[in-house]
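Hi,

Here is the structure I said I would pass on. Have a look at it first, and then read my notes below.

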Amino acid sequence: MLIIGDLTGQVGDPTGRSATRTVLRPEEATANSATYVEQVLRVLDPDRVELRRNSEWLAGLTLPDVLREAAGLTVAQLLERDDFTRRFSAGQPISLAEFLYPLLQGYDSVAVRADVELGGTDQTYNLLVGRDLQRAHGQQPQVVLTVPLLEGLDGVEKMSKSLGNYVAIADPPEEQFGRLMSVPDRLTTRYAALCTDLPPEELAALEADVAAGGTRSGAAKRRMAAAVVALYHGPAAAGAAEESFNLRYRDRQVPTDVPEAPLPGGDPVHLPGALVAAGLAGSTSEARRALDGGAVRLDGRVLDAGRYDLPREELAGRVVQVGRRRATRFSG
RNA sequence: GGGUCGGUGCCCGAGUGGCCAAAGGGAACGGGCUGUAAACCCGUCGGCUCAGCCUACGGUGGUUCGAAUCCACCCCGGCCCA
């Protein structure tokens, strides 16, 4: 069974947070949960998973219900948690909603009469609250099973979408491969251990290669990245992803397999505007700066600073790149 | 409810009437070097029809030739008291 925390998602898990989380609107929480489901079902067999939303049971709780459950939890216990302690002593606000979070999550276990609950090590506290509540309800307390947390691409924070340091399960192979290659060296082995099915001998070899440094370390990271990609897209796609990665980033070739974007109308084409329209820049100001900073290439050739209006025929059908990662082809 | 301190750009944080799109640091982005690693160096880091203009320092209103800076009220947070 997979529980989607659609109701608890509105509160936001305070775990590991150093700032108050704002309460999401129900629509936002629903939108988030849809993407979870989409990703999870790439890993779990849809025919064998029972999906439940915790609003099913949490939304129907009455105030007396909540009070009864809350009576068993003490403020001292909650404050013992590292994240709360830190915020409390730093003089930062902690909302009551956040304080209630472990209780709500714990109640999930009661509602589904859980035997075993699985979570990251950061969830230990929340999972244990589930045991307490089950006991209070005369149920056999669940077994708690935790798995190590994966650090994100920055190598510091835990991997999370809101921090932007993640590789998405639904990302295309090239994207996954590229992101994995940007991980700090010291995490190569960890990623391989936690995110691939590589056998122990191979993991040991990887570790030795990383320790050796230089290109051996780089090669080890490639094997790790390929193994991860293969898990979600198959070995063939993983190989192709590595190949296109090599061409694009190692050999610095102009990428050919890029999305197309329509060229805006008019004859001298205002390039900053076109870059924004193509999604290669967030604003025309940003596009101008990129242009002036030598970050914009047309078919591999760096464009001159200060030239913002270019004749149509210079752009049509060409590949524009902003930095090495963003690229598109102007159609027509 | 009372007292007190505070709310500045993604984050931290300087700025107490003009020299402020706002020091400094971090993050991020681009360039160099490289193994799209790390370290290091350089540049950028509100928006626009971009040598100018617009919007911005919790909100609203006011004082002033001129306000992030002064005044009033309001909103939000920390701490102490209740």
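Let me start with a pocket: the second largest one has a volume of about 580 Å³. Keep in mind throughout that this is a predicted model. The lining of that second largest pocket is made up of 22 residues, and those nearest its centre are E174, E175, R248, Y249 and R325. If you want to find your way there by secondary structure, look for α9 (173-181), α13 and β11 (326-331), each of which gives at least two residues to the lining. The largest share comes from α13, with five residues. As for chemistry, the lining of this pocket splits into 10 nonpolar, five polar and seven charged residues.

Next, the RNA. How many residues surround RNA strand B? There are 26 of them, and G178, D185, F245, S285 and R289 are the closest. Three helices are worth colouring here: α12 (214-233), α13 (235-250) and α15 (284-292) each supply at least two residues of the surface near the strand. So you will meet α13 twice, since α13 lines the second largest pocket and also contributes to the surface near RNA strand B. The residues of that surface divide into six nonpolar, 11 polar and nine charged.

On the RNA side, 60% of the strand B atoms within 4 Å of the protein belong to sugar or phosphate, and the rest to bases. A few individual contacts are worth zooming in on:

- G178: a polar backbone atom of this residue is 3.3 Å from a base oxygen of RNA strand B.
- G214: here too a polar backbone atom faces a base oxygen of RNA strand B, at 3.2 Å.
- K221: an N or O atom in its side chain is 3.2 Å from a sugar or linking oxygen of RNA strand B.

Now for the enclosed space. The count comes to one cavity of 30 Å³ or more, and the largest cavity has a volume of about 30 Å³. Which residues line the largest cavity? They are L61, V66, E69, L103, L104 and Y107. Helices α4 (63-70) and α7 (96-112) each supply at least two residues of that lining, and α7 has the largest share with three. By type, five of the lining residues are nonpolar, none is polar and one is charged.

Finally, the strands. β3 (residues 116-120) and β4 (residues 143-147) run parallel and are joined by five bridges. Within this pair, V116 has V143 in β4 as its bridge partner. Between the two strands the chain passes through helix α8 (residues 124-136), and the resulting β-α-β crossover from β3 to β4 is right-handed.

There is also an open sheet of five strands, in the order β5-β11-β10-β7-β8, with mixed pairing. Its edge strands are β5 (260-262) and β8 (301-302), each pairing on one side only. Inside the sheet, do β7 and β10 pair in the parallel or the antiparallel sense? Strand β7 (residues 296-298) and strand β10 (residues 319-322) are antiparallel, with three bridges between them. To see that pairing on screen, pick L298, which stands opposite V320 in β10. While you are looking at the strands, remember that in a regular strand the side chains alternate between the two faces of the sheet.

That is what I have for now. Happy looking!

How values were computed
Residues numbered from 1 in each chain as written. Chains lettered and ligands numbered in written order. Predicted model: local features only at pLDDT ≥ 70, side-chain atom pairs only at ≥ 80, totals over all residues. Heavy atoms only, no water. Near = heavy atom within 4 Å. Polar contact = N/O pair within 3.5 Å; in protein donor to acceptor, adjacent residues only side chain to side chain. Helix = DSSP H or I, 4+ residues; strand = E, 2+ residues; numbered from the N terminus. Nonpolar A, V, L, I, M, F, W, Y, C, P; charged D, E, K, R; others polar. 1 Å grid on protein atoms, 1.4 Å probe; cavity = no way out; pocket = protein on both sides within 12 Å on 5 of 7 lines; lining within 4 Å. Points joined across faces, edges and corners; volume = space filled by probe spheres on them. Pairing = 2+ DSSP bridges. Right-handed = clockwise from strand over helix to strand, strands pointing away.
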